[in-house]
Amino acid sequence: MFMKAGDAISGQEGTAFVTINGEVHEAFYVKSLEATVEKNKVEFKALGKRGVQNKATGWSGTGSMTIYYATSIFRKLMLEYIKTGKDTYFDIQITNDDPSSSIGKQTVTLINVNLDSVIMAKLDTESDILDEDADFTFDDVEMAEDAQFRTPELG
């Protein structure tokens with residue numbers, strides 16, 4: 001068995017939703033998003049073994065997204081933090097669903113997302129379309145649907 005080109009997932013076929021304070025917002029302004037989980041490890045040395053072993057002791061979640069400069073939602077969250085000290089954590093649900101692929105749908109929710117920085121204002125005479133980058137952290141993940149090769153139905 002091998003992967004066919006038609007099964008590669010198109011980066012444009014998907015959706016993203018942001019849930020802030022119980023309100024769900026379609027994140028149509030997301031241009032790209034990437035979230036990574038990195039294990040925290042400590043080195044372990046044992047008698048009789050010259051090599052160093054590693055033991056996972058936890059993990060951390062970080063991510064980045066590029067969004068079109070078309071929403072004030074994140075600026076409002078940062079402004080609330082600036083003015084009141086109230087920090088907001090929210091969830092982002094990302095679904096990859098390319099109908100031309102037999103791999104199927106994958107839905108991942110990043111939980112307790114917290115922005116590291118936000119562009120508060122932007123002008124750029126060299127840019128046709130404004131966008132902005134935002135780094136973030138998260139502390140939990142759920143996977144509602146996992147992508148798998150679909151078995152073609154016989155008949």
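## Cavity

The structure holds one cavity of 30 Å³ or more. The model in which this cavity appears is predicted. About 40 Å³ of space lies in the largest cavity.

The lining of the largest cavity is formed by Ile67, Phe74, Ser117, Val118, Ile119, Glu132, Asp133 and Ala134. By class, five of the lining residues are nonpolar, one is polar and two are charged. The charged pair is Glu132 and Asp133, and the polar residue is Ser117. Strand β7, which spans residues 131–138, gives the most to this lining, with three residues.

## Fold

The protein has one helix and eight strands. Along the sequence, these elements follow the pattern β-β-β-β-α-β-β-β-β. The helix thus has four strands before it and four after it in the order of the chain.

Contacts across the sequence were counted between residues at least 6 apart. Of these contacts, 65% join residues at least 24 apart.

## Burial and surface

The protein has 155 residues, and buried residues make up 25% of them. Burial here refers to a relative accessible area under 20%.

About 11,000 Å² of the protein is exposed. Carbon and sulfur atoms supply 49% of that area.

Methods. Residues are numbered from 1 along each chain as its sequence is written. This is a predicted model: local features need pLDDT of at least 70, side-chain atom pairs count only at pLDDT 80 or more; totals for chains, interfaces and linings use all residues. Side-chain values use heavy atoms; hydrogens and water are left out. Helices (H or I, at least four residues) and strands (E, at least two) are DSSP runs, numbered from the N terminus. Buried means under 20% relative accessible area, exposed over 50%, partly exposed in between (1.4 Å probe, protein chains only). Contact means heavy atoms within 4.5 Å. Accessible areas come from the Shrake-Rupley method with a 1.4 Å probe; for residues, only the protein chains shown count as cover. On a 1 Å grid over the protein atoms alone, a cavity is a set of points where a 1.4 Å probe fits but cannot get out, and a pocket is an open set with protein on both sides within 12 Å along at least five of seven lines; lining residues have an atom within 4 Å of a point. Grid points are joined across faces, edges and corners, and a volume is the space filled by probe spheres set on the points.
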